Amino acid sequence: MSEKTDDKSKRNSAPKNGPMAGMIGEKPKDFKKSVGKLIRSLAPHKIAIIATLILAVASTAFSIVSPKILGEMTNQIVKDLMAKQMGFIAEFDYASLARTALMLISLYILATICNYLSGWILARVTQRVMLNYRRDISQKINRLPISYFDKHQYGDTLSRVTNDVDTIAQTLSQSLADAVASVAMIVGILIMMFTISWQMTLIALAVLPISAGLVGVITKRTQKHFKNQQDELGELNGHIEEIYAGQTVIKAFSGEPKVEKKFSGINRQLYGSSWKSQFFSGLMFPIMNFVSNLGYVASAVLGGWLAINGKISIGDIQAFIQYVSQFNQPIVEVAQIATVLQSTVAAAERVFEFLEEPEEDDTGTAELGAVKGAVEFLDVSFSYEPDRPVINSFSASIKPGQKVAIVGPTGAGKTTIVNLLMRFYDPSSGKILIDGVDTRTLPRSAVRHQFGMVLQNTWLFDGSIMANLIYGKTGASEDDVKKAAKSAHVSHFVESLPHGFGTQIDGDAEIVSAGEKQLLTIARAMVADAPMMILDEATSSVDTRTEGLIQEAMERLTKGRTSFIIAHRLSTIRDADLILVMKNGNIVEQGSHSELMKKGGFYEELYNSQFAED
Amino acid sequence: MNQLWKILRKYWWQILLLLGGMFVQVWASLQLPDMMAEIVNKGIVGGDQNFIWQQGWMMIVVTLIGGVGMIVSGFFAARVGAGFARDTREAIFSKVLCFSIAEVDKFSTASLITRTTNDVNQVQQTLVMLLRMGTRAPIMGVGAIIRALATAPNMAWIIALSVGVLAAVMVVLVVIVMPKFKIFQSLTDRLNKVTRENLTGIRVVRAFNNEKIEEQKFQRANQDLSKVYLFINRAMVVMFPVVSLILNFTTLLVIWVGAHSIDSGAIEIGNLMAFMQYAVQVMMSFMFLIMTFVIAPRAVVSLRRISEILSSNESIKQPDQPQKPDAKVRGVVKFDTVSFRYHGAEKPVLSDISFETKPGQTTAIIGSTGSGKSTIVNLIPRFYDVTSGSVTLDGVDVRNYTKEDLRSKIGLVPQKGVLFSGTVESNVALGMPEGATSAKANKALVEKAVRIAQATEFVEKMDGGFEARIAQGGDNVSGGQKQRLSIARAIAREPEIFIFDDSFSALDFKTDLKLRHALKEVTGNAAVLVVAQRIGTIKNAEQILVLNEGKIAGKGTHYELLKKCKVYREIAESQFSESEMKAEMKIAEKRTGKAEK
């Protein structure tokens with residue numbers, strides 16, 4: 001399911017979509033290459049990681065020998081018991097028992113310390129790795145061309161910052177050490193078992209293929225059901241989302257029965273795949289348990305038989321049983337690591353993919369003096385996609401202080417001009433000159449410095465109003481900001497807020513209305529005090545009074561500045577020195593209002609239709 | 001919680017079977033150490049080889065029985081969990097569909113969605129876990145304690161001691177780490193928020209060259225988060241080593257004390273080995289129990305959020321005795337001194353609103369944002385109920401209709417074009433009753449509606465025409481196209497009254513114009529109610545209501561209002577240029593002057 005809107009992607013960033021979603025491993029595209037990159041990116045921490053692994057292995061080794069020693073204590077008890085029954089001794093040999101116990105205690109403590117140390121170091125490594133990946137991604141965000149974000153959903157990038165990095169960290173902090181310890185454990189236990197009795201070991205191992213086969217069969221079945229469950233859950237979520245979002249329409253058209261029928265259908269299917277996946281994955285445990293119990297019984301029986309024949313001691317049986325019961329855990333873990341590793345590498349791949357995206361070139365070094373504001377388009381052509389030209393050799397010359405209105409029906413591509421002026425995109429051929437300097441010879445930041453911008457999307461961040469206004473120009477004084485606020489007509493309403501300019505704007509709280517937000521963005525552009533302005537006039541959801549204020553503030557903002565206005569007001573259009581008329585992405589006409597009206601083309605049609613009597 | 005309890009209660013027999021399977025399985029697990037002890041005591045120490053073989057077969061049988069018990073309990077745990085989730089989702093979904101807009105507003109759409117999806121999943125997961133681990137651990141724990149006592153009563157204190165220490169360690173850990181988990185969550189949210197802000201404002205960030213500021217903001221959030229992460233992680237890695245240390249010390253203690261007991265002849269050697277395993281089982285059960293206690297509360301939040309929905313009362317109820325209107329009157333909506341106030345709000349949104357629509361005529365409502373235009377619209381299909389006064393349709397109070405009857409008379413076109421996944425046809429036909437007319441007639445109606453809505457051209461260009469797929473939320477068509485299809489949907493309903501809630505804003509001027517002409521063809525005798533921002537779009541309405549702060553500030557035609565209504569004039573001034581305004585005023589003088597004569 002593709003994540004289209006901002007709102008949906010918010011949910012996408014929640015770690016899991018459904019019960020045990022993590023069971024289905026995502027497959028990386030190029031496993032080897034990505035693993036290589038992952039390892040290389042961990043290189044700075046190699047000493048710490050190696051230390052961790054050594055400690056984990058050591059801890060495992062210590063804990064592996066202990067059952068054997070514990071078994072020796074039992075043996076000693078048995079021996080003493082026999083001796084006592086025979087009347088050789090009056091009491092058990094507690095001194096020697098205590099010596100063994102002491103040795104065990106020190107082993108246990110050593111194992112604990114090694115184990116903890118390994119986790120402790122790994123925690124630090126993981127933290128560093130997370131910190132750095134996230135820092136790199138965030139810096140990368142600001143170096144990518146805007147086109148990247150026009151093509152990709154926010155949710156996509158967001159999920160790389162959070163989920164993917166989390167997945168890598170999770171694997172690093174848990175699965176990695178676990179896997180190494182598990183392998184060490186399997187080897188260690190095998191050695192210990194063989195030293196006790198090869199016959200018993202072979203019997204105990206004989207059940208392994210059975211359990212491995214069963215687990216394989218179950219996993220295969222389970223994966224199918226998990227996949228179904230995931231798909232159906234996605235479908236259901238999609239259905240719920242759109243129905244809830246369009247509730248008024250459903251109600252107004254009495255569509256409830258239709259909608260409920262569809263819901264029930266998907267819901268019932270989901271029930272089927274849901275219980276099946278739960279059940280089959282849940283089978284794993286009883287089956288492993290059963291097999292391990294079989295091993296237990298086999299070792300007990302065979303051990304008993306061997307003991308009677310004097311080939312083995314009771315303490316050894318006890319130790320052996322402990323080993324058998326410990327043997328399953330690491331095998332399951334090693335089996336799981338494959339899936340975990342796969343999804344980790346897939347996550348890492350997404351992170352690297354993002355970090356390796358081509359960056360916005362910024363090679364210009366030319367400098368601009370004090371800018372007067374002459375802008376010239378010289379034979380500019382542009383296309384968003386290679387074979388679909390949007391602007392064809394467009395030329396225009398704008399004198400300092402002139403007003404340019406960009407008009408056209410909805411979806412005609414009016415923002416393309418803004419994109420080119422701000423160098424969010426670069427023309428495919430031709431030049432844009434500011435005061436005679438080709439903007440491509442300038443650093444992008446230098447070009448952007450020349451423009452103040454007020455967009456339809458009134459973006460403000462969580463923070464005080466003051467911080468939001470100062471955002472227009474780092475280092476602006478509070479006085480400057482207040483002055484700008486005044487001429488943008490915001491100081492009155494800001495001062496009526498409980499904390500004035502210190503009032504926090506919180507994304508969701510409606511402290512400021514849509515119109516007031518628009519005014520704040522105008523004030524922000526005023527703080528920037530750039531020689532040229534880019535404005536979008538669209539103010540559809542604003543009441544008349546605020547609309548008047550906005551209009552006034554915009555007029556003040558553009559006074560004496562070269563300005564480009566995506567125009568919706570007729571007054572703006574008629575006052576403009578130059579009108580660019582856009583249709584289907586192209587600039588189809590240009591000229592002043594009277595020229596264009598005389599011409600009787602698309603503009604005239606557009607203009608008349610707005611006020612035509614019907 | 002009551003409703004959820006009712007849902008779960010339906011599964012009582014499955015839960016009973018689950019518990020049965022669990023008992024069998026626990027019994028089998030506890031049987032084995034005892035049988036092993038007998039092998040040691042009677043078989044090895046007693047030197048009886050036959051007994052060992054016999055006991056071996058018995059043990060395999062017991063193991064098998066235990067396995068079956070486990071599968072049975074696992075089967076029912078999965079069924080109950082998934083069934084409960086299915087029923088709960090169904091209950092929430094139909095409840096939400098019954099909600100009035102007031103309740104939807106109360107919860108917010110986003111929250112309703114998470115409650116129906118994520119919260120239910122969370123509860124399902126926890127329920128399955130509780131059914132498996134939460135039931136097994138206490139049964140196992142109690143069983144193991146009983147066995148341990150039977151095997152070597154004098155060593156029971158060791159188990160008590162170990163469990164005590166284990167409990168202390170776990171409690172300390174939970175107390176230290178749990179609050180940090182909350183902080184961790186909120187810091188993760190902040191990191192998300194900062195990143196989201198940077199992404200949504202990417203153009204603004206670059207326009208003002210503030211990339212560095214954004215990076216610093218991010219890095220601060222990043223560092224704060226990673227500090228807490230480190231703390232939690234280091235605290236959590238204590239758990240495993242310490243728990244296994246306690247387990248190891250316990251077995252050691254059992255052997256040490258057991259040696260003395262054997263020495264004094266209180267127990268046999270086999271019992272010592274059995275006791276060791278019982279002790280471990282008790283402690284493992286205890287660990288699982290604690291884990292369920294830690295995990296279960298996560299679901300409690302979800303559970304509460306779900307039951308909030310299920311237990312909230314619908315504020316819009318069906319009438320006890322629904323009425324049908326007189327067949328002669330059609331398309332007359334009448335507001336009689338209507339006031340409306342949101343629940344808990346201080347000031348009313350609407351007060352003293354009275355007007356009447358006439359069949360075949362257009363009534364327009366204009367006013368600034370927050371003046372209550374959309375609220376008027378919402379009162380007609382009973383998305384809300386009036387606080388005082390009454391809204392009648394064709395002479396019957398809207399509260400006396402069944403919801404279906406009432407809404408079948410209304411063709412609503414909302415502000416934003418809303419489409420649903422399906423086909424073009426399924427979207428346009430949403431409001432057409434199923435099976436009432438032939439498929440062919442239905443299709444003709446859909447086609448006609450689409451044509452009038454000026455959508456035929458683009459629909460035919462789409463892959464599949466009327467059968468073309470519409471993606472979720474209509475994401476594969478443009479805003480204007482969505483708007484036209486939602487107009488078609490209203491037309492296909494053949495309503496008595498059309499309501500256009502500022503529906504023309506997404507259309508360009510030309511389409512808008514054509515559409516208006518074509519609409520005349522179908523609106524015919526229907527009443528039309530238009531909510532608008534632009535005066536240009538409603539100039540020709542037979543009746544215009546000017547709304548200001550919830551009150552009617554003026555009522556009349558365009559030119560009448562220009563002359564007599566100050567608010568209307570202000571709106572006009574903000575939208576017309578000076579010269580246009582002058583011209584309009586001149587016409588107004590002339591026309592109304594004539595009328596007065």
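Which strand of chain B is joined to strand β1 (residues 333–340) by 5 bridges, and in which sense do the two run? The partner is strand β4 (residues 388–393) of chain B, and the two strands run antiparallel.

This is a predicted model, in which local features need pLDDT of at least 70, side-chain atom pairs count only at pLDDT 80 or more, and totals for chains, interfaces and linings use all residues. Residues are numbered from 1 along each chain as its sequence is written, chains are lettered from A and ligands numbered from 1 in the order in which they are written, and side-chain values use heavy atoms, with hydrogens and water left out.

**First stop: β1, β4 and β5 of chain B**

Select β1(B) and β4(B). Strands (E, at least two residues) and helices (H or I, at least four) are DSSP runs, numbered from the N terminus; two strands pair if DSSP finds at least two bridges between them. B:V333 has B:L393 of β4(B) as its bridge partner. Next, add strand β5 (residues 396–397) of chain B, which pairs with β4(B) in the antiparallel sense over 2 bridges. Here B:T392 is matched with B:D397 in β5(B). The hairpin of β4(B) and β5(B) has 2 residues between the strands, and B:D394 takes a positive phi near 50° there.

**Second stop: the open sheet of chain B**

Display the 6 strands in the order β6-β9-β10-β3-β11-β12 of chain B; they form an open sheet with mixed pairing. At its edges stand β6 (410–413) and β12 (551–556) of chain B, each with a single partner strand, so one side of each has no neighbour in the sheet. Neighbouring strands are turned by 15° against each other on average, direction ignored. Axes are lines fitted to C-alpha atoms, for helices over the stretch in contact, and angles run from 0 to 180 degrees between N-to-C directions.

Focus on β6(B) and strand β9 (residues 497–501) of chain B, a parallel pair with 4 bridges. B:L412 stands opposite B:I499 in β9(B). Helix α15 (residues 479–492) of chain B packs on the sheet, touching β6 and β9 of chain B, and its direction makes about 175° with that of β6(B). Contact means heavy atoms within 4.5 Å. Then select helix α18 (residues 566–575) of chain B, which lies across β3 (362–367), β11 (543–548) and β12 of chain B and runs at about 90° to β11(B).

**Third stop: helices α1 and α3 of chain B**

Select helix α1 (residues 2–9) and helix α3 (residues 49–98) of chain B: their axes come within 9 Å and cross at roughly 135°. α1(B) and α3(B) are therefore oblique to each other. Angles under 35 degrees count as roughly parallel, over 145 as roughly antiparallel, 65 to 115 as roughly perpendicular and the rest as oblique. Show as sticks B:L4, B:I7 and B:L8 of α1(B), with B:V80, B:F84, B:D87, B:T88 and B:A91 of α3(B), which make the contact.

**Fourth stop: chain A**

Select helix α3 (residues 46–86) and helix α4 (residues 94–141) of chain A, whose axes come within 8 Å and cross at roughly 160°. That makes α3(A) roughly antiparallel to α4(A).

Finally, select A:R160 and A:E353, which form a salt bridge with the closest N and O atoms 3.4 Å apart. A salt bridge is a side-chain nitrogen of Lys or Arg within 4 Å of a carboxyl oxygen of Asp or Glu. The pair links distant parts of the chain, 193 residues apart: A:R160 in helix α6 (residues 154–196) of chain A and A:E353 in helix α10 (residues 314–355) of chain A.
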